[in-house]
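Please walk me through this structure, one contact surface at a time. I would like to see how the parts meet.

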There are 2 protein chains.
Amino acid sequence: MSDRLINELSHELLHFFNGLSSWESSVVRNSDLSVSEAHALEVLGQFGRMNMKSMAQKLGVTTGTTTVTVDRLEKKDYARRESIREDRRVNLISLTEKGCRAFDEHNKFHLTLTEQMISALSEEESNRLLTILKKINSEIF
Amino acid sequence: MSDRLINELSHELLHFFNGLSSWESSVVRNSDLSVSEAHALEVLGQFGRMNMKSMAQKLGVTTGTTTVTVDRLEKKDYARRESIREDRRVNLISLTEKGCRAFDEHNKFHLTLTEQMISALSEEESNRLLTILKKINSEIF
DNA sequence: ATAATATTATTTGATATTAAAAATATTTTA
DNA sequence: TAAAATATTTTTAATATCAAATAATATTAT
């Protein structure tokens, strides 16, 4: 594979990633949530109710850290803990009404950004991008 | 533009972004640097010597935060401050030898990831991805 | 059934990181 | 030169993180 392609692509990917990052953090800054709280909200919104351990795994942090994050989300009424009969050690975490609304709201920002991107591309290119991302996501991430 | 395309693309973009994020943070965790230090190193490596203000802008944080980050990079001998005659308020920040090596090292990781992505795609798709990213980067980010 | 082991979540103590405000230093401009 | 603008540092308070210890509960082996 040509070095030129690798280098250029790496450079554009970095630019793209940095663009997404600063866009995301400006959205979060304008919200009621900290970065880690927002991340937790996304995970809960996307994957639904889950216990602390798998939440910690999805977030890539320890369960201790997750406990603190969930405490804060609970205090702000974005999430709740529920215990289950089958295993009294376990807490299932899920979004409250308010949490769901915040997740939807956040999602709208994502959709808006996606629309912006699409409008910079032809319809054919947009479809190609979708195909390409699906491949990369399923094979690498 | 079709809702289906927007939704799917948004979803894949989020997945892609999360994949990149956790990949990046695992690389950083295995290094001598914190996330913000690594970010600063990237900016300095990519854009070269600059003053605190423009560095803060590139990083998307305040100059106060940047001062602290540069302090740490300086202490670890990754970066240095240089003053200039023309304006004694100004410090120009640049990478040391060690900083340059770390930047190159970090860059190698990026190239490796890029190669992985390319190997999941056909040559045509890789070129298409480059074209698409260039468009998005120049028009949106 | 009991004892040993494993799992899940929380708490604690120590650092690291961050943003924002206040203080200081310097340059530019009127 | 005095005032305004700019750049930086310091300080403060909030947040984030981890590792280790603890508590509660489940599971497994004897």
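Start at DNA strand C, where α4(A) gives the most to the nearby surface, with 3 residues. This is a predicted model.

α4(A) does not act alone here. The elements that give two or more residues to the surface near DNA strand C are α3 (52-59) and α4 (63-75) of chain A, together with α2 and α4 (63-75) of chain B. In total, 19 residues surround DNA strand C. Those that come nearest are A:K53, A:R89, B:S34, B:S36 and B:R88. By class, the surface near DNA strand C holds 3 nonpolar, 8 polar and 8 charged residues.

Which part of DNA strand C lies within 4 Å of the protein, sugar and phosphate or bases? Sugar or phosphate holds 77% of those atoms, and the rest belong to bases. Individual contacts to phosphate can be picked out. In B:S36, a side-chain N or O atom sits 2.3 Å from a phosphate oxygen of DNA strand C. For B:R88, a polar backbone atom is 2.7 Å from a phosphate oxygen of this strand. Chain A contributes as well: a polar side-chain atom of A:N91 lies 3.0 Å from a phosphate oxygen of DNA strand C.

Now turn to the other strand. Around DNA strand D there are 18 residues. A:S34, A:S36, A:R72, A:R88 and B:M52 come nearest. Of the atoms of DNA strand D that come within 4 Å of the protein, sugar and phosphate account for 77%.

Which element gives the most to the surface near DNA strand D? That is α4(B), with 3 residues. The elements that each supply at least two residues to this surface are α4 of chain A, and α3 (52-59) and α4 of chain B. The classes here are 3 nonpolar, 8 polar and 7 charged residues.

Phosphate contacts appear on DNA strand D too. A backbone N or O atom of A:R88 is 2.8 Å from a phosphate oxygen of the strand. From chain B, B:M52 places a backbone N or O atom 3.4 Å from a phosphate oxygen of DNA strand D. B:T67 uses its side chain, with an N or O atom 3.2 Å from a phosphate oxygen of DNA strand D.

Next comes the contact between the two protein chains. It takes 50 residues from chain B and 49 residues from chain A. The size of an interface is often given as the accessible area lost when the parts come together. Chain B and chain A bury about 5400 Å² between them, and 73% of that is on carbon and sulfur atoms. Three residues stand out on the chain B side. B:F16, B:F17 and B:F141 supply 12% of the area that chain B buries against chain A, more than any other three residues.

What polar links join the chains? The count between chain B and chain A is 4 salt bridges. One of them pairs B:K135 with A:E125, with the closest N and O atoms 3.0 Å apart. There are also 6 residue pairs in polar contact between chain B and chain A, both at pLDDT 80 or more. On chain B, the side that touches chain A draws at least two residues from each of α1 (3-29), α2 (35-47), α5 (97-119) and α6 (123-139). α1(B) gives the most, with 19 residues. By class, this side of chain B has 23 nonpolar, 17 polar and 10 charged residues.

Last, look inside chain A. Its domain assignment gives domain 1 (1-30) and domain 2 (33-139). Their centres, taken over C-alpha atoms, are 21 Å apart. In the contact between them, 6 residues of domain 1 meet 10 residues of domain 2. The two domains of chain A bury about 630 Å² between them, 79% of it on carbon and sulfur atoms. Within domain 1, A:W23, A:V27 and A:V28 lose the most area to domain 2, together 69% of what that side buries.

How many salt bridges cross this domain interface? The rule finds 0 salt bridges between domain 1 and domain 2 of chain A. The count of residue pairs in polar contact is 2, both residues at pLDDT 80 or more. The domain 1 side that touches domain 2 divides into 5 nonpolar, no polar and 1 charged residue.

Key. Residues numbered from 1 in each chain as written. Chains lettered and ligands numbered in written order. Predicted model: local features only at pLDDT ≥ 70, side-chain atom pairs only at ≥ 80, totals over all residues. Heavy atoms only, no water. Contact = heavy atoms within 4.5 Å. Buried area = accessible area lost by both parts, 1.4 Å probe. Salt bridge = Lys/Arg side-chain N within 4 Å of Asp/Glu carboxyl O. Polar contact = N/O pair within 3.5 Å; in protein donor to acceptor, adjacent residues only side chain to side chain. Helix = DSSP H or I, 4+ residues; strand = E, 2+ residues; numbered from the N terminus. Nonpolar A, V, L, I, M, F, W, Y, C, P; charged D, E, K, R; others polar. Domains from an automatic or database assignment. Near = heavy atom within 4 Å.
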